[in-house]
Amino acid sequence: MALVAGIDSSTQSCKVVIRDADTGELVRQGRASHPDGTEVHPDHWWNALQAAITQAGGLADVSAISVGGQQHGMVCLDSAGEVIRPALLWNDTRSAPAALEMIREAGDGDSAAGARYWSRATGTVPVASLTVTKLRWLAENEPANAERVAAVCLPHDWLSWRLAGFGPGSGEAGLAALRTDRSDASGTGYYSASSGAYLPDALEKSLGRVPRLPAVVGPLDIAGKTPEGALIGPGAGDNAAAALGVGAGVGDVVLSLGTSGTVFAVSTTPAADASGLVAGFADATGNYLPLACTLNATRVFDATAALLDVSLEEFNDLALSAAAGAGGLTLVPYFDGERTPNLPEAAGSLHGITRTNYTPANLARAAVEGVVCSLADGLAALLSQGVDAQRVILVGGGAQSPAVQLAASQLLGLPGFVPTPGEYVADGAARQAAAVLAGAFPEWTLSGTELPAEPSDGGVLARYRRHAAAYLG
C-alpha cells in the first residue's frame, strides 16, 4: 500500500493527513498551530509543519507529498536564500493604497480603465490581498529590504522548497529550485492564468524590477524530491486544493461558509472581471477557478445567536422553525463591511420589521437567508463570467447547519452536496500527491449528503437584492 501525505498550511494552523494513494483512506493525521497576526516569519510555518508531521507519525513510509497553502502571502528571499522580513499575509491590508495607485496608474489616472487593464492582463484587479500590491508597499516603505530581494515566492512554494532540502544558505542554486503551480501563481497579480505566464511588466510596476520567481510546473509534474526520496507535488493554493479535496469538477460551484464566505467554480474558461468582484484564478488540474469572496458568513450567525442569547444549535432550531421568507424580514448581512459587492465601509441592515414578524425565529431565519442570499450574489457574479453551474458543494463550518442547507436548496436553484466534514485542503493536496505518483488523479470516494433543488423562496432573493442594491446608490 503506497501512502501519500497532504499538507494544509493555512493562516491559523498546519494540518497533515496521510492517506492510501489508491483508495484515499485516512491512515493518520497531525496538526499544529500558527501564530496570530497578518505578518508571520515563515520559520513558524516550518516549525508547525515539523510538529504536525511528528504528530502524524512521520513521513518515512510516504511515497509522495504535496502542500496546499494560504494564497498571496509575500515571502521575500535574499541571494543566499534567507528570509528578508516576516511574510505579509493575505489579510494584511497595509497595501490597500498601493492597490488603488496601481489601478489608477494603469489607466493613466482613469481607475475604470486601469481595472480593465489589470483584469485582462492577470484576471484580477489589484486589492490589498494580492502579492503584487504587497511588493509595491515594500518598495515604497522598506526600500532597503526591497533592494535585497533576490526571489519572491508564496507560502506553499517556500514549504515545498524546504521539504526538498533547501533553505537559508542555499544560494543561487537553491533559488533556482523554487517551484509553484498555476493556482497559487494566479493569485499573485503578476501571473496570467489564461496565458500561463508571468508578467514582468506587473512586477516592474510593483517592486521596480523583476526578481527570480518560482518555475510554474504542471498539475501532474514532480516539483522535487525530499532528501529521503519522496516525490513532491506541485502544490496548490488553498481554494484549488479544497476543490480537489471535495472532488469538484467542471460544472461544480463550491460555497464555503466559514468566518467569511467564498464562492468558486471549476471552469474550462478563464475569467476577467473588470468590476473586481470575481478573481480569475487557475485551478490545480489545468482548468480555471473563478472566485468571489464575501466578508460575512458564520460570524453573522454567531452575532445573532448572541443577541438572542441562544446556542448555535438553538439558533439553528429557531431558524428551521420559521417559514421561508422570515415573515417578511430581510437582513442584509454587511456586519463587517463587504467585499462582494465592494463596500468596505458598509454596515448591516434589517428591513420589513412589523410587530407580528419581529420574533426570535424570524430573526434567526433572516440571518441564515441573508448570508445565503449574499453568497447567491457571489454565484451570480460567477455566472456573469460564463461559469456553467450544475451543482453546489457546501463546505465549511456553516455548511453543517440544516437551516443553511435548507436555505441553499430554496434560494440557489441548484442541487447540492454537503461532503462529510474533513480537512478538504489537506485532502486535496494528498489527492494531488497520489496523482503525481500514479500519473492521473485518483477517483477517491467521497461521502456526504445530497441536497435536492427546491426553488421555493417566495421572492426572498428578489427582496434581498432590492434592499442590497440601495447600498450601491
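This passage describes sheets, helices, single residues and cavities in a predicted model.

One sheet of the model is open and holds seven strands. Their order is β18-β19-β17-β16-β22-β23-β24, and the pairing is mixed. The edges are taken by β18 (residues 279-282) and β24 (residues 448-451). Each of these has a single partner strand, so one side of each is left without a neighbour in the sheet. On average, neighbouring strands of this sheet are turned by 25° against each other, direction ignored. Helix α10 (residues 238-245) packs on the sheet. The helix touches β17 (261-265), β18 and β19 (288-294). The direction of α10 makes about 110° with that of β19.

At one edge, β24 pairs with strand β23 (residues 416-419). The two strands are antiparallel, and four bridges link them. One pair of bridge partners is glycine 416 and leucine 451, the latter in β24.

Towards the other edge lies β19. Four bridges join β18 to β19, and the two run antiparallel. Here phenylalanine 281 has leucine 289 of β19 as its bridge partner. The strands β18 and β19 form a hairpin with five residues between them. In this hairpin, glycine 286 takes a positive phi near 110°. β19 also runs antiparallel to β17, again joined by four bridges. In that pairing, valine 263 stands opposite alanine 292 of β19.

How many residues of β19 are buried? The count is seven of seven, so the strand is largely enclosed by the rest of the structure. The side chains divide between two directions. Tyr288, Pro290, Ala292 and Thr294 point one way from β19. Leu289, Leu291 and Cys293 point the other way. Residues of both sets are buried.

Strand β5 (residues 62-69) is also mostly covered, with seven of its eight residues buried. β5 pairs with strand β1 (residues 3-9) in the parallel sense, over seven bridges. Leucine 3 stands opposite valine 62 of β5. Strand β14 (residues 231-232) is another parallel partner of β5, over two bridges. There, isoleucine 65 faces isoleucine 232 of β14. Strand β15 (residues 236-237) runs parallel to β5 as well, and two bridges join them. Glycine 69 has glycine 237 of β15 as its bridge partner.

Helix α12 (residues 312-321) has a buried side. The buried residues are Phe315, Asn316 and Ala319. Why do these residues lie on the same side of α12? They cover an arc of only 100° around the axis, which puts them on one side of the helix. The spacing fits a general rule. An α-helix has 3.6 residues a turn, so residues three or four places apart point the same way. The face of α12 turned away from the buried side carries the exposed residues Glu313 and Ser321. The cover over the buried residues of α12 includes α11 (298-308), α13 (360-383) and α14 (402-411).

Two single residues were examined next. Threonine 124 lies in the loop between α3 (111-122) and α4 (131-141). Is threonine 124 buried or exposed? Its relative accessibility is 4%, under the 20% cut-off, and therefore threonine 124 counts as buried. Beyond its neighbours within four places in sequence, threonine 124 is in contact with Trp118, Ser119, Leu130, Gly189, Ala279, Gly280 and Phe281.

Glycine 428 lies in helix α15 (residues 424-438). With a relative accessible area of 0%, glycine 428 is buried. Residues up to four places away in sequence aside, glycine 428 touches Ala241, Leu244 and Gly245. The C-alpha atom of glycine 428 is separated by 30 Å from that of glycine 370. Along the chain, these two glycines are 58 residues apart.

Empty space was examined last. Rolling a probe the size of a water molecule over the atoms shows where empty space is left. The structure holds four cavities of 30 Å³ or more. In the largest cavity lies about 50 Å³ of space. The lining of the largest cavity consists of Leu329, Thr330, Leu331, Ala366, Glu369, Gly370, Cys373, Val460, Arg463 and Tyr464. Which elements give two or more residues to this lining? They are β20 (330-332), α13 and α16 (460-469). The most comes from α13, with four residues.

Technical notes:
Residues are numbered from 1 along each chain as its sequence is written. This is a predicted model: local features need pLDDT of at least 70, side-chain atom pairs count only at pLDDT 80 or more; totals for chains, interfaces and linings use all residues. Side-chain values use heavy atoms; hydrogens and water are left out. Buried means under 20% relative accessible area, exposed over 50%, partly exposed in between (1.4 Å probe, protein chains only). The arc is that of the directions from the helix axis to the C-beta atoms. Contact means heavy atoms within 4.5 Å. Two strands pair if DSSP finds at least two bridges between them. Axes are lines fitted to C-alpha atoms, for helices over the stretch in contact, and angles run from 0 to 180 degrees between N-to-C directions. On a 1 Å grid over the protein atoms alone, a cavity is a set of points where a 1.4 Å probe fits but cannot get out, and a pocket is an open set with protein on both sides within 12 Å along at least five of seven lines; lining residues have an atom within 4 Å of a point. Grid points are joined across faces, edges and corners, and a volume is the space filled by probe spheres set on the points.
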